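User: Please take a close look at one loop in this structure, and then relate that part to the chain and the assembly around it. A connected account would be preferred.

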4 protein chains.
Amino acid sequence: MKVGVVGASGYVGGELLRLLSTHPDVELNMVTSRTYAGEYVHRIHPSLKGFIDLTFSPLNIDKLTENDLVFTSVPHGKALEIVKRLYDAGVKVIDLSADYRLKNPKAYVEYYGYEHPYPEMLLKSVYGIPELHREEIRNARLISSPGCMAVTSLLGLAPLLKNNLVDTKHIIVDSKIGSSGAGGKPSASTHHAMRAGVIRPYKPVKHRHTAEIEQELSIIAKEDVKISMTPHAVDLVRGILCTNHTFLTKEVDIQQLWKIYRGMYKGEPFIRLIRDTKGIYKYPDPKFVVGSNFCDIGFDIDEKNNRLVALSASDNLMKGAAGSAIQCMNIVQGFNESNGLKYTPFTPV
Amino acid sequence: MKVGVVGASGYVGGELLRLLSTHPDVELNMVTSRTYAGEYVHRIHPSLKGFIDLTFSPLNIDKLTENDLVFTSVPHGKALEIVKRLYDAGVKVIDLSADYRLKNPKAYVEYYGYEHPYPEMLLKSVYGIPELHREEIRNARLISSPGCMAVTSLLGLAPLLKNNLVDTKHIIVDSKIGSSGAGGKPSASTHHAMRAGVIRPYKPVKHRHTAEIEQELSIIAKEDVKISMTPHAVDLVRGILCTNHTFLTKEVDIQQLWKIYRGMYKGEPFIRLIRDTKGIYKYPDPKFVVGSNFCDIGFDIDEKNNRLVALSASDNLMKGAAGSAIQCMNIVQGFNESNGLKYTPFTPV
Amino acid sequence: MKVGVVGASGYVGGELLRLLSTHPDVELNMVTSRTYAGEYVHRIHPSLKGFIDLTFSPLNIDKLTENDLVFTSVPHGKALEIVKRLYDAGVKVIDLSADYRLKNPKAYVEYYGYEHPYPEMLLKSVYGIPELHREEIRNARLISSPGCMAVTSLLGLAPLLKNNLVDTKHIIVDSKIGSSGAGGKPSASTHHAMRAGVIRPYKPVKHRHTAEIEQELSIIAKEDVKISMTPHAVDLVRGILCTNHTFLTKEVDIQQLWKIYRGMYKGEPFIRLIRDTKGIYKYPDPKFVVGSNFCDIGFDIDEKNNRLVALSASDNLMKGAAGSAIQCMNIVQGFNESNGLKYTPFTPV
Amino acid sequence: MKVGVVGASGYVGGELLRLLSTHPDVELNMVTSRTYAGEYVHRIHPSLKGFIDLTFSPLNIDKLTENDLVFTSVPHGKALEIVKRLYDAGVKVIDLSADYRLKNPKAYVEYYGYEHPYPEMLLKSVYGIPELHREEIRNARLISSPGCMAVTSLLGLAPLLKNNLVDTKHIIVDSKIGSSGAGGKPSASTHHAMRAGVIRPYKPVKHRHTAEIEQELSIIAKEDVKISMTPHAVDLVRGILCTNHTFLTKEVDIQQLWKIYRGMYKGEPFIRLIRDTKGIYKYPDPKFVVGSNFCDIGFDIDEKNNRLVALSASDNLMKGAAGSAIQCMNIVQGFNESNGLKYTPFTPV
């Protein structure tokens with residue numbers, strides 16, 4: 001199968017290339033970059049030297065339609081037209097921007113500051129979390145890959161909402177993320193000297209991923225769920241931890257929680273439940289998923305305050321972006337769902 | 001004035017030595033360490049080479065009573081006797097362990113696992129946050145320096161509780177802390193290869209500092225306050241950020257919040273309010289207080305969910321430990337409150 | 001083929017497990033650890049959760065002889081007996097300690113402080129760098145995997161010595177290495193708070209790997225080569241850079257150097273030559289090999305001082321240890337040399 | 001005394017402001033920045049909030065001449081005119097660019113790519129290392145502050161050259177530096193995701209600081225000294241280690257080296273000799289000078305190869321830039337040489 005990648009010079013684009021270059025069912029046919037058209041891929045992604053001999057092409061929709069499937073990995077707002085045109089030309093699209101994630105067109109005005117030009121497309125787009133929408137993904141022509149913090153938080157919270165365990169108006173998602181989550185564009189705030197050693201709250205209220213999480217959890221809970229999200233930049237390159245603070249509406253113990261989480265994620269190839277009572281690795285930590293497509297999930301209960309903390313960790317470029325997208329591609333194409341994703345995370349890194 | 005430091009080979013001990021070695025009103029007379037008795041201080045704290053010529057002494061209470069004031073910086077449980085004996089001998093004590101922080105003896109059983117041998121002492125001990133207890137500190141003979149996450153969180157939350165602005169049963173303190181917070185004892189979990197790049201939730205519920213925060217906020221709020229605290233180890237050496245998530249019980253806007261925070265902290269030498277509407281430094285970040293005694297505080301409001309996020313950042317070894325202790329010493333001795341603490345934080349570091 | 005790993009709880013051991021757990025030709029049969037006997041592997045190596053269901057066994061040589069091949073990954077001195085007994089029992093051994101690396105028994109006294117008990121074994125042992133000894137490895141029964149800095153430096157220097165290009169008495173190897181190179185045992189010097197942000201020269205003269213490098217380069221150069229090595233601990237977990245400073249004895253230009261390096265490494269699956277004249281990735285950097293078995297090599301010439309700088313970068317746990325060992329296993333067993341090692345490095349990490 | 005700072009929004013500029021804001025003998029009168037004219041200083045240097053109330057001014061030479069002394073901290077090439085005009089107006093200037101460091105005008109063509117417009121000024125400029133040129137500094141009107149790696153390396157090597165101990169044609173300076181050394185301008189190579197975890201050789205031959213080091217050492221050695229320098233970017237923000245590899249021309253032992261180094265640096269307020277035979281801090285490490293004006297120096301001998309390794313560590317923004325400049329100001333103004341520089345480094349950081 002021929003595959004193209006639009007916006008392949010960014011960090012997410014580079015990760016797609018890493019995964020596609022060794023994927024057994026794929027021919028990587030065309031990779032585009034406005035900025036680096038004409039340059040060899042490994043000049044921008046040096047780790048890929050020896051794996052990809054392509055050069056970046058300029059964006060050319062007509063040529064892209066020669067592919068069976070195209071990944072679009074461009075900034076929000078820039079994917080609107082590209083995706084529409086590829087879709088209309090009959091190419092399957094997996095979009096890694098936010099442009100087709102939300103079902104409610106008004107949310108684009110509120111969170112992204114633009115009027116969505118193709119609101120009818122929003123209902124055709126499938127939100128690309130296999131653990132939540134596997135059957136719809138199988139039949140999709142347009143898949144919208146989730147935000148990195150959104151997918152991580154959602155996988156931690158979904159079983160709780162599905163089982164109506166928690167107060168839907170007091171859910172706090174406190175997330176921590178590495179520097180690759182900011183994208184590759186240099187700026188004063190990403191300069192190493194200013195970014196190293198930070199614990200920087202960068203959008204304490206109204207972060208955009210809030211919209212996706214509320215959308216998906218409201219579907220699952222069958223009621224209007226409110227999410228209070230605060231993301232923080234911390235000093236690592238890859239990785240997200242979502243600390244999902246919830247208040248219980250029912251009494252529940254750890255054994256029941258195991259059952260609830262196992263019930264939802266049994267057989268899932270990329271979910272691991274992490275909860276130990278001894279040793280130093282009792283809870284999920286993104287350190288132990290780096291480079292892999294896992295989302296590690298754990299939990300704990302504070303009986304005194306009726307609080308349940310659900311912890312979820314992922315590699316923001318993998319399960320948080322390129323890995324989820326490849327997983328969706330495998331599903332929509334009928335490949336083995338783990339193909340091209342069998343990367344063991346490694347310790348220490 | 002003659003000063004002694006018990007437990008001077010740890011990170012907090014070393015920071016006390018750094019501050020005392022250049023303090024204009026103090027003669028550093030005796031520094032003890034069981035492990036390193038006989039060694040020069042700079043062999044353990046190499047940055048202090050040229051500043052302190054002392055060697056570590058073994059613990060000797062009688063000799064310590066020759067000092068006017070003694071700092072005790074030993075692990076929880078180990079300070080109980082040392083503090084009592086020094087106190088009984090008429091020496092002023094500033095204890096940096098948790099052994100004299102809590103007023104309710106039962107809390108020691110619950111949080112620290114021991115029966116407090118001197119419950120009557122708990123009421124004599126003053127909780128060492130100058131911004132909350134300056135007058136009591138002035139007249140104290142025993143000051144119990146607060147936990148690093150406790151003081152940071154308390155300074156962010158106190159004005160809200162004082163003004164009855166927030167729901168006292170749904171306060172989440174999500175804190176992030178550097179590796180020096182774990183103390184200097186080597187272990188598998190502090191090994192650089194395992195500690196670098198982590199976002200490790202290490203005590204998602206029932207962390208010990210919860211007890212102090214609830215104690216102090218309940219006094220301020222004049223009602224029973226519940227704190228839901230989850231600390232995380234992140235990849236830096238010094239620094240704490242507390243993200244204090246609260247839900248508003250009254251409508252309040254940003255201007256009113258400025259007034260409330262300024263009202264409480266006006267004239268405080270070590271509180272800075274940080275909130276900007278442009279630039280990259282809109283909120284507190286421990287990166288910008290490293291090495292100094294500041295606690296930087298900021299806030300934001302999420303009108304949609306009636307949420308208020310109060311952010312507070314400190315250097316865990318300074319305002320979070322040694323700096324607060326020196327500030328208390330200055331108060332109790334009648335020195336200028338900033339003496340020995342005029343360290344500009346520096347950027348970048 | 002049945003494989004055992006002795007000393008599997010360390011960092012190198014864990015990396016062997018990562019690679020073996022997905023190796024297509026191997027059945028991982030037995031993993032030993034004194035300290036963690038009885039524990040599940042993933043309790044010590046959390047990233048391997050879901051990949052290995054074994055528990056650690058205590059060391060039992062008899063049981064180990066049921067394997068076709070055993071990796072020994074224990075500290076220097078501890079492998080002497082284990083290797084000998086396995087060898088005598090007819091098991092192929094790949095030893096990752098230094099105990100069988102040096103040909104000259106006297107060097108063990110000088111560099112390791114012990115009298116080698118089996119000097120006759122030293123000549124039977126093959127030094128496990130495929131790029132230098134592939135044919136001998138193919139027929140070996142005992143392979144001694146090289147030191148991490150040794151193999152990295154050797155691969156950078158070998159072509160120069162082979163072509164008699166440089167002054168053999170003024171070779172400086174200035175190496176920089178991450179914290180995983182120190183092994184997993186906690187100590188004051190590996191504590192994150194003391195290890196983060198260092199540039200720590202830790203054995204400016206007489207580092208043990210000097211002996212291996214001199215041994216191998218002297219063979220290649222057919223004369224007595226002197227190496228002046230100074231290693232430094234820097235703030236990363238995985239990775240080595242060797243800056244090999246040499247002085248030219250002949251005039252040579254960059255084109256000739258390309259030819260010389262390509263001549264030696266043509267067809268090598270795990271050597272990449274890195275030298276670009278524009279962009280930001282002009283020379284090797286361990287950042288771009290992390291997780292992979294590559295050794296990236298580059299060079300530059302300083303005509304003014306007749307100096308040639310050869311730069312070589314590897315992941316110390318991969319090409320520097322476990323990766324090289326697996327590559328040797330593939331050769332000695334007649335497997336495809338890249339099997340189990342097809343890990344793309346990833347950027348950024 | 002009234003002081004101005006030109007180019008005060010960069011990292012070196014910010015460090016000058018930190019030091020000047022608490023200097024007892026100085027009135028900080030004017031700080032300029034083209035980019036940030038009109039902004040409050042603390043918006044760019046957030047750690048200085050509460051210390052400086054000034055806003056940045058645009059560059060105005062006439063206004064700058066109202067100062068007694070001006071620091072110029074602008075990129076190489078940009079200082080040429082500013083310095084000349086201030087000098088001609090009778091203002092004392094301490095220039096932190098390279099524009100007035102080299103005595104030989106031809107070296108500017110070779111290393112900096114420009115023809116120096118005021119070669120006659122080069123002899124009037126004093127190279128600002130107090131340990132080497134204190135008396136000339138005292139009488140200077142133009143002081144050229146040294147390059148960060150140059151001063152660090154020079155302080156390590158000077159005693160050896162002064163005593164004719166080493167082969168002047170085989171001196172290797174292998175230096176490692178943090179990200180603040182690259183200046184504050186964002187770029188692909190300084191982005192945290194690409195800069196974290198690197199060991200990046202960035203100018204293996206012909207680095208510009210070579211010219212300064214050769215100039216100064218040749219004066220000291222009274223012969224033509226050749227320096228082979230290779231700098232590396234490593235993962236820290238502040239700090240330089242220079243590993244100065246030399247070959248001995250005379251036999252010398254450690255005791256004699258102590259004598260030689262003590263002889264040269266006795267009484268120097270900002271030189272510490274670091275060499276211990278036990279413990280974990282045997283040699284200099286920039287970690288232990290961060291925030292201070294110290295240059296820590298150590299050494300070791302490799303008798304086998306007649307090699308002497310001289311290790312020197314500094315904070316690149318302090319002794320490597322702003323700290324040295326302030327020290328020079330103190331000398332030229334007749335202040336106490338340590339005023340405004342009494343910052344204890346702190347551990348851990």
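Analyst: The loop between α8 (148–162) and β7 (171–177) of chain B holds Asn164(B). In this predicted model, Asn164(B) has a positive phi of about 50° although it is not a glycine. Most residues other than glycine have a negative phi. As to its surroundings, Asn164(B) is partly exposed, with 13 other C-beta atoms within 10 Å; a residue counts as exposed at 12 or fewer and as buried at 20 or more.

A second residue of this kind occurs in chain D. Lys206(D), likewise not a glycine, has a positive phi of about 65°. Its place is the loop between β8 (199–201) and α10 (209–221) of chain D. Lys206(D) is also partly exposed, since 18 other C-beta atoms lie within 10 Å. A positive phi is found at a glycine as well: Gly267(C), which follows α11(C), has a phi near 85°. The helix before that glycine, α11 (residues 254–265) of chain C, is 12 residues in length and spans 16 Å from its first C-alpha to its last, close to the 16 Å expected at 1.5 Å a residue.

Another loop of chain B offers a buried counterpart. Phe288(B) belongs to the loop between β11 (271–273) and β12 (295–302) of chain B. With 29 other C-beta atoms within 10 Å, Phe288(B) is buried, because the threshold for that class is 20 or more. Beyond its neighbours within four places in sequence, Phe288(B) is in contact with Asp296(B), Pro345(B) and Thr347(B) in chain B, and with Pro46(D) and Ser47(D) in chain D. The C-alpha atoms of Phe288(B) and Pro348(B) are 7.9 Å apart in space, although 60 residues separate the two in sequence.

The wider setting may be described through chain A. Chain A contains 12 helices and 13 strands. Its radius of gyration is 20 Å, close to the 20 Å that the globule rule gives for 349 residues, so chain A is as compact as a globular protein of that length. Along the principal axes, the C-alpha atoms of chain A fill a box of roughly 60 × 45 × 40 Å. Of the 349 residues in chain A, 61% are buried. Among its contacts between residues at least 6 apart in sequence, 71% join residues at least 24 apart.

Two domains are assigned in chain A: domain 1 (2–124) and domain 2 (149–314). Their centres, taken over C-alpha atoms, are separated by 27 Å. Nine residues from domain 1 of chain A and seven residues from domain 2 of chain A take part in the contact between them. On the domain 1 side, helix α5 (residues 105–112) of chain A gives the largest share, three residues. That side of domain 1 comprises six nonpolar, one polar and two charged residues.

Contacts between chains complete the picture. Chain A and chain B meet through 42 residues of chain A and 42 residues of chain B. On the chain A side, at least two residues each come from β7 (171–177), α9 (192–195), β8 (199–201), β9 (227–234), β10 (240–247), β12 (295–302) and β13 (307–314). By class, the side of chain A that touches chain B has 21 nonpolar, 10 polar and 11 charged residues.

Chain A also meets chain C, with 31 residues of chain C in contact with 31 residues of chain A. Helix α1 (residues 11–21) of chain C contributes five residues, the largest share of the side of chain C that touches chain A. That side divides into 12 nonpolar, 11 polar and eight charged residues.

How are chain C and chain A related in space? A turn of 180° with a shift of 0.0 Å along the axis lays chain C on chain A with an RMSD of 0.0 Å. This is the relation of a two-fold axis. Within chain C, the C-alpha nearest the axis belongs to Tyr343(C), at 3.9 Å from it. Both copies use the same surface, as 100% of the contact residues of chain C recur in chain A.

Definitions and conventions. Residues are numbered from 1 along each chain as its sequence is written. Chains are lettered from A and ligands numbered from 1 in the order in which they are written. This is a predicted model: local features need pLDDT of at least 70, side-chain atom pairs count only at pLDDT 80 or more; totals for chains, interfaces and linings use all residues. Domain bounds come from an automatic or database domain assignment. Two residues are in contact if their C-beta atoms, placed from the backbone, lie within 7 Å. Helices (H or I, at least four residues) and strands (E, at least two) are DSSP runs, numbered from the N terminus. Ala, Val, Leu, Ile, Met, Phe, Trp, Tyr, Cys and Pro count as nonpolar, Asp, Glu, Lys and Arg as charged, and the others, Gly among them, as polar. Copies are superposed by least squares on the C-alpha atoms of residues with pLDDT of at least 70 in both. The expected span of a helix is 1.5 Å times one less than its number of residues. The radius of gyration is taken over C-alpha atoms; the globule rule is 2.2 Å times the number of residues to the power 0.38.
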